[in-house]
Amino acid sequence: MNQLLNLYWTFLKIGCVTFGGGYAMLPILERELVTKRQWTTMDDLRDYFSIGQCTPGIIALNVSTFIGQKRHGVPGAIAATTGFLTGPIIIILLIAAFLKNFAELEIIQHAFAGIRVCVCVLIVQAVLRLWKKSVIDPFTLALYLIVFALNAFSGILPFKIPAAILVICAGIAGILVSQIRNRKTASSGKGGGA
């Protein structure tokens, strides 16, 4: 029970500072879950982000569910997910109750402008961290450039490819290249042993 409460409390704290979506949360999740608590590795966290991007819902929420399940099965997933949701629900209800009265105030507009800048910094930091660990060879660089081009120029292309399709295709490409590399390694190992 204490472990489930620990999961709940940890993700409650993380959920209370969830500004800017999943990628902005990557540095916070890394610090709390990888560095501080050692509940997962950075490689696993990146995998959870990838899966979380392809599944319905908020990326950081999906990651909390994956971590909770990894730690303590279904009860852990429920505790982590509930913890993550508790803070934002309370904060959103408070904002909804008072925002109408204060949204037009100049100080509130300046506060939102500052928050947007901070979120941009967090997202850039997350992108740089993901880049260093993900774009590691010519194949991953080529894949990055292709996916980036398809996404960035989707407005001028005659068709728009949904992000989920790009992620799935990139995953399939990774599997195919891995299979080709494994076959080459196996055949060179056989040839070298003869």
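**Reading aromatic pairs and cysteines**

Guide: Let's start in helix 6 (residues 138-152): Tyr144 and Phe148 are four residues apart there, so about one helical turn separates them. Keep in mind that this is a predicted model.

Visitor: How many aromatic pairs does the structure hold, and what describes such a pair?

Guide: In general, a pair of aromatic rings is described by the distance of the centres and the angle of the planes. Here, there are three aromatic pairs. One of them is the tilted pair of Tyr48 and Phe66, with 5.7 Å centre to centre and 40 degrees between the planes. This pair links distant parts of the chain, as Tyr48 belongs to helix 3 (residues 42-54) and Phe66 to helix 4 (residues 59-102), 18 residues apart. Tyr48 is buried at 13% relative accessible area, while Phe66 is partly exposed at 24%.

Visitor: And is the pair of Tyr144 and Phe148 stacked or tilted?

Guide: Tyr144 and Phe148 are stacked, 5.9 Å centre to centre with 25 degrees between the planes. Tyr144 is partly exposed, at 34% relative accessibility, and Phe148 is partly exposed as well, at 46%. Together with Trp131, Tyr144 and Phe148 form one aromatic cluster.

Visitor: Which ring has the charged end of Arg37 over it?

Guide: That is the ring of Trp39, whose centre is 5.7 Å from the charged end of Arg37.

Visitor: Why does Cys120 form no disulfide?

Guide: A disulfide needs two cysteine sulfurs within 2.5 Å. The closest cysteine sulfur to that of Cys120 is in Cys118, 9.2 Å away, so it is too far for a bond. The count of disulfides is zero. Cys120 is partly exposed at 49% relative accessible area, and Cys169 is partly exposed at 45%.

Methods:
Residues are numbered from 1 along each chain as its sequence is written. This is a predicted model: local features need pLDDT of at least 70, side-chain atom pairs count only at pLDDT 80 or more; totals for chains, interfaces and linings use all residues. Side-chain values use heavy atoms; hydrogens and water are left out. Buried means under 20% relative accessible area, exposed over 50%, partly exposed in between (1.4 Å probe, protein chains only). Rings of Phe, Tyr and Trp (its six-membered ring) pair if their centres lie within 6.5 Å; planes under 30 degrees apart count as stacked, over 60 as edge-to-face and the rest as tilted. Helices (H or I, at least four residues) and strands (E, at least two) are DSSP runs, numbered from the N terminus. A charge sits over a ring if NZ of Lys or CZ of Arg is within 6 Å of the ring centre and within 35 degrees of the ring normal.
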